[in-house]
Amino acid sequence: AEDYLRQQGDTLNLILFLGGTPTNLRIPGDAFRVICESMNPNDLMIYTDKIEDAEEPPEWFRHSYENAPKRLELLGRHKFVLDRLGVKESFYRAKVGFDKEKRQKYTHVELKFGLNIKFNFDDGERVVRFEKGDAIKVWYCWRLSGPMLIKLLTSSGFYITHFSATEDRYV
């Protein structure tokens with residue numbers, strides 16, 4: 001270990017992890033752990049995200065969806081995924097919401113009838129079958145408060161040297 005540390009010298013790598021990406025992953029701590037384990041002792045990571053009350057939907061979410069018309073429209077990037085899978089808009093009902101228990105924003109579609117999606121691979125095909133009423137999760141994002149984020153980072157092996165927030169609650 002001493003030889004390894006001596007070889008590092010004055011080299012410092014700066015890791016930029018911007019935009020809250022880990023909150024879109026199933027287990028955000030795994031992403032942080034891999035990054036932490038790949039860093040040298042002198043390296044620094046800068047992480048940015050918007051921190052809001054973890055128990056409430058974010059402000060943009062409340063404004064966009066609580067006052068939305070009865071028929072929700074999927075965001076273009078979410079609809080794109082379904083279009084590429086051949087799932088036509090007439091096949092589903094959009095569901096956009098915030099699960100307070102899981103502290104998770106989500107977009108999924110509930111199928112109006114059974115559906116098979118066939119994937120062709122070099123070594124054959126695979127068919128994924130859905131029943132009427134099944135949901136396809138298109139997107140989700142965990143909601144972390146400041147203390148939750150600090151706990152996540154420290155439990156992933158990071159030593160936090162600075163934690164701050166701007167007036168609009170970006171950290």
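This is a short talk on the fold, the nonpolar cores, two helices and the largest pocket of the protein shown above.

Before anything else, please keep in mind that what we are looking at is a predicted model, and that every value I quote has been computed from it.

Let me start with the overall layout. The protein has 171 residues, of which 32% count as buried, and its secondary structure amounts to five helices and seven strands. Read from the N terminus, the order of the elements is α-β-α-β-α-α-β-β-β-β-β-α. If we take the contacts between residues at least 6 apart in sequence, 61% of them join residues at least 24 apart.

I turn now to the cores. In soluble globular proteins, nonpolar side chains tend to be buried together. Here the largest nonpolar core holds 13 residues, and the members that touch the most others are Phe-32, Met-45 and Phe-158. Two or more residues of this core come from each of α2, which spans 28-38, β2 and α5. A second core, separate from that one, is made of eleven residues, among them Val-87, Leu-111, Phe-130 and Ile-136.

Phe-158 deserves a closer look within the largest core. Once its neighbours within four places in sequence are set aside, Phe-158 is in contact with Phe-32, Ile-35, Cys-36, Met-39, Met-45 and Leu-153.

That brings us to helix α2 itself. Which residues of α2 are buried? They are Pro-28, Gly-29, Ala-31, Phe-32, Ile-35 and Cys-36. Looking down the axis of α2, we find these buried residues within an arc of 160°, and therefore they line one face of the helix. As a reminder, an α-helix has 3.6 residues a turn, so residues three or four places apart point the same way. The cover over the buried residues of α2 includes β1 (14-17), β2, β7 (135-142) and α5.

Ile-35 is a useful example from that buried side. This residue lies in helix α2, and it is buried because its relative accessible area of 18% is under the 20% cut-off. Leaving out residues up to four places away in sequence, Ile-35 touches Ile-15, Phe-17, Met-45 and Phe-158. As for the pair Ile-35 and Phe-17, the two are 18 residues apart in sequence, while their C-alpha atoms are 9.6 Å apart in space.

On the face of α2 turned away from the buried side we find the exposed residues Val-34, Glu-37 and Ser-38. Val-34 counts as exposed because its relative accessibility is 56%, and the cut-off is over 50%. Val-34 and Ser-156 are 122 residues apart in sequence, yet 8.4 Å apart from C-alpha to C-alpha.

Let me go on to the helix α5. Its buried residues are Gly-146, Leu-149, Leu-152 and Leu-153. Seen down the axis of α5, they fall within an arc of 125°, so that they line one face of this helix. Exposed on the other side of α5 are Pro-147, Lys-151 and Ser-155, whereas the cover over its buried residues includes α2 and β2. After α5 comes Gly-157, which has a positive phi near 105°.

Staying with backbone angles for a moment, most residues other than glycine have a negative phi. Arg-103 is a residue other than glycine with a positive phi, near 55°. Where does Arg-103 lie? It is in the loop between β3 (92-99) and β4 (104-111), and with a relative accessibility of 24% Arg-103 counts as partly exposed.

Finally, the largest pocket, which encloses about 530 Å³ of space. It is lined by 21 residues, and those closest to its centre are Met-45, Tyr-159, Ile-160, Thr-161 and His-162. Which element gives the largest share of the lining of the largest pocket? That is β2, with four residues; β2 (44-47) and α5 (146-155) each supply at least two. By class, the lining has 14 nonpolar residues, six polar and one charged.

To close, I would leave you with Met-45, which is one of the residues touching the most other members of the largest core and also one of those closest to the centre of the largest pocket.

Terms used
Residues numbered from 1 in each chain as written. Predicted model: local features only at pLDDT ≥ 70, side-chain atom pairs only at ≥ 80, totals over all residues. Heavy atoms only, no water. 1 Å grid on protein atoms, 1.4 Å probe; cavity = no way out; pocket = protein on both sides within 12 Å on 5 of 7 lines; lining within 4 Å. Points joined across faces, edges and corners; volume = space filled by probe spheres on them. Nonpolar A, V, L, I, M, F, W, Y, C, P; charged D, E, K, R; others polar. Core = buried A, V, L, I, M, F, W, Y, C linked by side-chain atoms within 4.5 Å. Buried < 20%, exposed > 50% of the residue type's maximum accessible area, 1.4 Å probe, protein only. Contact = heavy atoms within 4.5 Å. Arc of directions from axis to C-beta.
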